[in-house]
Amino acid sequence: MATNAERIARLERMRADARLGGGPVRIDRQHAMGKLTARERLDLLLDPGSFVELDAFVTHRTTGFGMEEQRILGDGVVTGHGNIDGRLVFVFSQDFTVFGGSLSEAYAEKICKVMDLAMKVGAPLIGLNDSGGARIQEGVASLGGYAEIFLRNVLASGVVPQISVILGPCAGGAVYSPAMTDFTVMVQGTSYMFVTGPNVVRTVTHEDIDAESLGGASVHTSRSGVAHLAAHDEAEAMDQVRGLLAHLPQNNLADAPRIESRDPWDRMAPELDDVVPDEPQRPYDMHDVLRRVIDDGELLELQPAWAGNILVGFARLGGRPVGIVAQQPSVLAGALDIDASVKAARFVRTCDAFNVPLVTFVDVPGFLPGVAQEHGGIIRHGAKLLYAYCEATVPKLTVITRKAYGGAYDVMSSKHIRGDMNFAWPTAEIAVMGAEGAVNIIFRDAITGAQDGSEERARLVTAYEEEFSNPYIAAARGYIDEVILPRETRPRLIRALEVLADKRDTNPRKKHGNIPL
């Protein structure tokens, strides 16, 4: 019979073996590829000394194919819980040094266990992905494991924040788990995502492309919109995850963490009085507005390289986390197109799911015209953004800085779709369309019959702007709560957030709505 000392020594040996993963040679190979190991990544992500591992001694159950002699403790994924800034999170970190990080039945069960725990206790879930996909030797059992994970991604959606970090390959069916999480972070040069790899693409479509060009970080943050953030290295990726969590609550029943702000709540910004150009067609950078309004000018912008005509991201106002949605007049004049509508709609729904108030800055000339947009389904995609704002019950503040034309005025968190506090600057133009277009339609005969058509058009445009294209008509009807000086925007928004802090709003009882996907 073994002594207690021998049993303790055995446990210590097993722990040491589990920490080695696939062994020193494979760890060196991982480092040579510019990648950290699964455990090194957890050390970067979590507060020092806070990680508690679960299921460290799990091994695969495969027989045949020589797998009996290759049972490695942990079976290719490190799971457990730890703290980020003192707050509990659950994590899994895929270990590429063990069978290329390929997923087995036992491996999937480990991930499902921490997912179930995250939902039970109401804590965020973070997945560090670096895997070659399903373990071929396990066949359908591996595929079933993926399906079990997908199911939990859906059940956890809107319950606890889910963040995926792509740190190596993520291909085939494996991509659908990150796709269903709330945020995806990639690392430039070492991570990629695609359903079918370059070899399959080359065989089927005869297109010659490499993994980076097909599904690298630059592709998914600028063209596909699959990823929210791209980091230069793994350390920066972990910092981005920590930044995201700082603006999110633990779960859907909690509020996002509020901090003491050093930026005075009543700070005025006189520079804003001149930020909107006198010429209505001249662009400006909405970042210049946001920097002067939010706490310390700090915006955690998401998907900055995709659909640049709309900006989304997290900031703070008076120490309170808020979600920012803002048109960008310097890109496509801030018009809403397919990608911008989808980008903003997803963000609005994420904020609503996790009790983060929404602050919307509007300068929109309408929906982008064109055959490609109409045939691409701008009606359906634009309706997603409208649906998201209508459905949202969190506090919703709106500031119209310049244009709010046509149906886009309605969509962008207008009073008519339960906007709580709607403000406008004196430079706001709220109308069915721009003055030039309206005059050309309404007064076409008068302009044609005038001796000097251009002079008559200019006079009528001025008259239309004074009569209709200004914020005071909407304010007179209560569609705008107040026309404010641009410099007053920050204190007015912070006071409004305080007023709405205990807002209660509900939607009709139903299984779920039918968003126009």
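**A walk from the surface to the rings**

Let's start on the outside: the protein exposes about 23,500 Å², and carbon and sulfur atoms supply 55% of that area. Keep in mind that this is a predicted model. Along its principal axes, the C-alpha trace spans about 110 × 55 × 45 Å. As for charge, there are 52 positive and 67 negative side chains, with the centres of the two sets 6 Å apart.

Now step inside. Of the 517 residues, 51% are buried. The secondary structure comes to 20 helices and 17 strands. How much of the contact map is long-range? If you take the contacts with a separation of 6 or more, 73% of them join residues 24 or more positions apart.

The aromatic rings give a close-up of that kind of link. A search of the whole structure turns up 4 aromatic pairs. One of them is Phe-183 with Phe-314, an edge-to-face pair with 6.0 Å from centre to centre and 65 degrees between the planes. The edge-to-face label follows because planes over 60 degrees apart are classed that way. This pair ties together distant parts of the chain: Phe-183 belongs to strand S7 (residues 183-187) and Phe-314 to strand S11 (residues 310-317), 131 residues apart. Are these two rings buried or exposed? Both Phe-183 and Phe-314 are buried. They also have company, since Phe-347 joins Phe-183 and Phe-314 in one aromatic cluster.

One more ring is worth a look, this time with a charge for a partner. Lys-35 lies over the face of Phe-96, 4.2 Å from the ring centre.

Key: Residues are numbered from 1 along each chain as its sequence is written. This is a predicted model: local features need pLDDT of at least 70, side-chain atom pairs count only at pLDDT 80 or more; totals for chains, interfaces and linings use all residues. Side-chain values use heavy atoms; hydrogens and water are left out. Helices (H or I, at least four residues) and strands (E, at least two) are DSSP runs, numbered from the N terminus. Buried means under 20% relative accessible area, exposed over 50%, partly exposed in between (1.4 Å probe, protein chains only). Contact means heavy atoms within 4.5 Å. Accessible areas come from the Shrake-Rupley method with a 1.4 Å probe; for residues, only the protein chains shown count as cover. Lys and Arg count as positive and Asp and Glu as negative; His and the chain ends are not counted. The place of a charge is taken as NZ of Lys, CZ of Arg, CG of Asp or CD of Glu. Rings of Phe, Tyr and Trp (its six-membered ring) pair if their centres lie within 6.5 Å; planes under 30 degrees apart count as stacked, over 60 as edge-to-face and the rest as tilted. A charge sits over a ring if NZ of Lys or CZ of Arg is within 6 Å of the ring centre and within 35 degrees of the ring normal.
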